[in-house]
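Dear colleague,

I am passing on the structure below for you to look over. My notes on what was found in it follow, with the terms explained where they are used.

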Amino acid sequence: MSIRLRLAVVFAIAAATVFALGSALFVTTLSSGLLGTVDSELGTELARAGTFAANPAGPGGGGTAVARPLPGEFIVQLVDSAGTVRNASHDAGTAPLLSKSLLDRARTQRIALTVTIDGDPSRVVAAPFAGHAGWIAVASVTLDGYAKTLGDVYRELWAAGAVFVAVAGAGAYVLARAALSPVERLRRAAADLSARDDHVVLEVPATRDEVAALATTMNELLARLHAALARQRTFVADASHELRTPFAVLRAELELAGRPGRTRGELERAIAGAAEETARLNRLTDDLLALARSDDGELTLRRSPTDVGAILRRSAQVAALPAAACGVELRVDAPDGLAPDGLVASVDADRVRQAVDNLVDNAVRHAPRGTEVVLRARSAPAGDGVVVEVADAGPGFPPEFLPHAFERFRRPDTSRARSGGGAGLGLAIVQAIAAAHGGDATARNAPAGGAVVSLVLPAGDRAPAARAARLAPAGP
Ligand SMILES: Nc1ncnc2c1ncn2[C@@H]1O[C@H](COP(=O)(O)OP(=O)(O)OP(=O)(O)O)[C@@H](O)[C@H]1O
Ligand SMILES: [Mg+2]
């Protein structure tokens, strides 16, 4: 059922209820007002009870024993203390209009009630008759006029009620349709939006109401979706671009190797070149996969109490050879995990190692010959985490590049031309790994020169030194 129809039905039911309650109140007031008028007229008749002929319906009186009033005719009886009708008006009969118990009540006080006389509802008022102890004057009249008036009122109320409810329901329907039409317009506009067009927005009505607020919120949502879509497109375009070069080199190497008359040395060089490009492709696809997973929040961690210092030492050991080739020395500055103050944190050892390897790779590539790269691990200042730092004595990050250092495929312009430069994903992965641990990564230039990249890793459950023997290995 549409909102319009639901509103109309609810409104009609509410209108019917209110009208019924109002009508009931009106009819009750009208009814008691009408009866009050009848009672006061009957009161006037009571005063005349003594003026009627003595027992006109008595033996020889020619009347009837029971009352036979005409519609609207006032009849009066004067009843003595023994319950005998002494005086009566025409058509009042000789049998008392009231039962003995009611007559007894009327001897002490005035009573007014509705009874059925000769099959018709009638109003009766009875009161002690002054001057005669124990005598009662009784006056009665049929309620035809009263019943007719009430009947007319009921008919009119039914007709008016039906019109009122119909108008209320129809009015609610029209109002709801008018109120919801901007929402419907908004829905149609949203349905017509194209996923391709990055700049379309919904028209915000100038009404400053809920619909305008809804349109504004939807536009904000659209802007966020467009931005996410744009990021995805850039990511895919950059990824394709980065994959193209190694594939082209690989193809060229294989084509060269396939030419007739290659010497063994040339073939070996071609195979080595192809293997290098394949390794680069492998790294790139691994990086892309890691970032895609981190976007989906699926960069799952296998946390275990890990000696963070051991990760640094292993990373330095593996990078020692390429570092030596660049004339750079690697130094680890971290407590031993087996010592009482060892830095043990619940982290994913493989992922932290991947992050440290990325940082060491960067540092070694940028550090000048004869300098050292320091791999440092220490407790976070607040004592609730581990900070890993890799610092070199190179040129540092270009200042304008620092705010973008952790963006994907982001390299300073000078870096693109450099030989040995990667895809620009290393730092983005470091950031994703830190974030997956609930931590953060920051890059800065040391005052004395050189780049410093810090990785804050929440400590998780810090294992005591005694458990260090059971630590997960820091990686291959
Ligand atoms: N220690 C450093 N000193 C100076 N510049 C650095 C340092 N580390 C990174 N950079 C700059 O930041 C850029 C981005 O680094 P990132 O590790 O993200 O990518 P990359 O090393 O170029 O490629 P990838 O890591 O994907 O192989 C680098 O291209 C480099 O210009
Ligand atoms: Mg890198």
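Two strands are taken to pair if DSSP finds at least two bridges between them, and the helices (H or I, at least four residues) and strands (E, at least two) are themselves DSSP runs, numbered from the N terminus. This is a predicted model, in which local features need pLDDT of at least 70 and side-chain atom pairs count only at pLDDT 80 or more, while totals for chains, interfaces and linings use all residues. Residues are numbered from 1 along each chain as its sequence is written, and chains are lettered from A and ligands numbered from 1 in the order in which they are written.

In strand 10, Glu389 is the bridge partner of Arg376, and strand 9 and strand 10, which run antiparallel, are joined by six bridges. An open sheet of five strands has the order 7-9-10-12-11, with mixed pairing; its edge strands, each of which pairs on one side only, are strand 7 (329–333) and strand 11.

The largest nonpolar core (a set of buried Ala, Val, Leu, Ile, Met, Phe, Trp, Tyr and Cys residues joined through C-beta atoms within 7 Å) has 52 residues, and those with the most contacts inside it are Val308, Val356, Val373 and Val430. Here a residue is buried if 20 or more other C-beta atoms lie within 10 Å of its own, exposed if 12 or fewer, and partly exposed in between, with C-beta atoms placed from the backbone. Among the elements that give two or more residues to this core are helix 6 (308–325), helix 7 (349–366) and helix 9 (426–436), and its largest share, eight residues, comes from helix 7. Apart from this core lies another, of 25 residues, which includes Val76 and Phe129.

Helix 9 is largely enclosed by the rest of the structure, because nine of its eleven residues are buried. What covers these buried residues includes helix 5 (264–295), helix 7, strand 11 and strand 12. If its neighbours within four places in sequence are left aside, Val430 is in contact (C-beta atoms, placed from the backbone, within 7 Å) with Ala355, Asn358, Leu359, Ala441, Val453 and Leu455. Just after helix 9, Gly438 takes a positive phi of about 85°.

Elsewhere, strand 3 (residues 111–117) and strand 4 (residues 120–128) pair in the antiparallel sense over seven bridges, with Val115 opposite Ser122 in strand 4. Two residues lie between the strands of this hairpin, in which Asp118 takes a positive phi near 55°.

With best regards

Methods
Two residues are in contact if their C-beta atoms, placed from the backbone, lie within 7 Å.
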